[in-house]
Amino acid sequence: MTTTRLPRKATVLLAGLVLAALAGCGSADKEPAEALGSAAAAARQPVKAVPAVPPGLAGMPPLLDPNDVYAADRPNRLSPVVKDFPSRVYVPNTTSNTVSVIDPATYKVIDTIPVGIQPQHVVPSWDMKTLWVNNNRGHTLTPINPATGQAGEPVEVHDPYNLYFTPNGKYAVVMASMDRELVFRDAHTMNRVKTVPVSCFGVNHADFSADGRYFIVSCEFSGELLKVDTERMEVVAQQKLPFEGAMPQDVKISPDGKTFYVADMMAHGMWVLSGDKFDVPKLLPTGKGTHGLYVSRDSREMYISNRGEGSISVFDFRQNKLTKKWQLPDGGSPDMGGVSADGKVLWLSGRYNSEVYAIDTVTGRQLAKIPVGGGPHGLAVYPQPGRYSLGHTGIFR
C-alpha cells in the first residue's frame with residue numbers, strides 16, 4: 001500500500017482546523033486546550049454496560065425492596081383490592097368435603113361451605129379477587145368470593161393437589177401430584193396451556209426466586225426437588241435429597257432471595273440450599289414431622305410447624321438459627337396455615353385432630369383451639385397484605 005504524505009504547511013493547517021472544531025464543540029468559555037482535555041477525559045470514562053437479560057421475569061411487578069421479597073407484606077398493608085373483604089380463616093376439610101369459615105375475632109365457625117371431593121388447599125388467586133378450593137380427588141376448583149363468602153360454580157381441573165401463580169400473573173401452575181405433572185393454565189380461565197410431565201413422585205409445594213425466573217418444587221413421595229424455568233415452563237434441574245426416606249413439604253424463600261428452605265416431615269427438619277446454584281442442601285433439624293413454613297410480617301422470623309410433635313419452631317433469618325420452640329398445650333398436629341394481617345396470630349390446621357390452632361406470634365401462647373371438619377389441611381387466612389398472590393395458602397409479594 002502506498003502512503004501519501006501531506007506537505008508540512010497542509011499538516012499545520014489541518015491541526016489548526018481540528019483544534020478549532022474541538023473549541024466549537026466545547027462550552028463557550030473553554031479554551032481549545034481545555035476542550036481537548038475534557039474530550040480525552042470523557043473518552044477514558046467506562047461505558048456502563050447494558051444488561052443483555054432483563055432483571056426479572058417479563059411482566060412481573062418489581063420488588064418494593066430488592067433486599068426483601070416480603071417488603072409488601074407489612075402489617076395491615078392491605079391492597080385496595082382486598083381492604084374491604086371481611087377477615088376470615090378458610091379451612092378445607094379433606095375428609096368432610098367442606099370448607100369451614102372462622103371469624104378470627106370470635107374464634108367461632110360461622111359457615112360451612114360444601115365443596116368437591118378431598119379439598120386440600122384454599123388458594124388466593126394472583127389478582128387476589130378469588131379464593132380457589134383445590135378439590136384434589138373431585139378434579140375441580142371451587143371459587144369462593146372473599147367479599148361475600150359465597151361459592152361459585154366449580155371449574156374442571158384434573159388432580160389439583162396444590163395451586164400456584166407465576167409472578168407476572170400470566171399462568172396458574174397446578175401441582176398434579178398423582179398425575180405426575182406440572183400443568184400451566186391461563187391464570188383467569190384455567191384453560192390448559194402446557195403440561196410438563198415430571199419423573200419424580202408427589203409434586204406438591206413450591207416457591208419462586210426473587211426475580212421470578214424460576215421456582216423450586218418439592219416431590220413428596222420420591223424425596224426430590226425440581227428447579228423449573230418459569231418462562232420456558234420446563235424442568236431445568238432435579239436432585240435427590242441426601243436422606244433415605246425424605247418427604248419434602250412446604251418451600252419458602254428467604255427475605256433476601258438468596259436461600260430456599262424446604263420442610264421435610266421424615267427428616268424432621270428443613271433443608272437449606274441456594275436456589276441459584278441448586279447445590280446439595282444441608283439439613284437443619286427443627287422437630288418431628290416438619291411441615292409448614294411461614295414468614296413473619298417484619299421479615300425477621302419464620303414459623304415452622306412440626307406436625308409430628310405438636311410444636312412450632314421459630315427461625316431467625318439474621319441470626320441464621322432457631323431461637324424458640326413453642327409446644328401446643330394439648331399436643332396436636334399443626335400443619336398448614338398463615339399469619340394474620342396484623343402479624344399477631346399464626347393460624348394452623350390440626351390435620352389429624354379436626355381442629356384449628358390460633359397462636360400468639362410474640363409469646364407462642366395458644367389463643368384458641370377451634371373444632372372443624374375432618375382432615376383440615378391448607379387453610380388460608382384472608383385477606384392478607386401484599387400486591388399479588390403466588391398461590392398456596394398465601395404467598396404474597
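**Exercises around strand E23**

**Exercise 1.** In this predicted model, why is strand E23 (residues 311-316) largely enclosed by the rest of the structure?

*Solution.* Start with the cut-off: a residue is buried when its relative accessible area is under 20%. Now go through the strand: 6 of the 6 residues of E23 are buried, so the rest of the structure largely encloses it. Then split the strand by face. One side carries Ser-311, Ser-313 and Phe-315, the other Ile-312, Val-314 and Asp-316, and all of these are buried, leaving both faces covered.

**Exercise 2.** Work out which strand pairs with E23 through Asn-306, and in what sense.

*Solution.* Asn-306 has Ser-311 of E23 as its bridge partner. Asn-306 falls within strand E22 (residues 301-306), and E22 pairs with E23 in the antiparallel sense over 6 bridges. Next, look at the link: this hairpin has 4 residues between the strands, and Gly-310 takes a positive phi near 65°.

**Exercise 3.** Now find how E23 is joined to strand E24 (residues 321-327).

*Solution.* Count the bridges first: there are 6, and the two strands run antiparallel. For a concrete pair, take Phe-315, whose bridge partner in E24 is Leu-322. Finish with the turn: the hairpin of E23 and E24 has 4 residues between its strands, with Asn-320 at a positive phi of about 55°.

**Exercise 4.** Zoom out and put E23 in the setting of the protein chain.

*Solution.* Begin with the elements: the chain has 2 helices and 29 strands. Then check burial: 54% of the 397 residues are buried. Last comes the surface, about 17600 Å² accessible, with 55% of it belonging to carbon and sulfur atoms.

Terms used. Residues numbered from 1 in each chain as written. Predicted model: local features only at pLDDT ≥ 70, side-chain atom pairs only at ≥ 80, totals over all residues. Heavy atoms only, no water. Buried < 20%, exposed > 50% of the residue type's maximum accessible area, 1.4 Å probe, protein only. Pairing = 2+ DSSP bridges. Areas by Shrake-Rupley, 256 points an atom, 1.4 Å probe, with all protein chains shown as cover.
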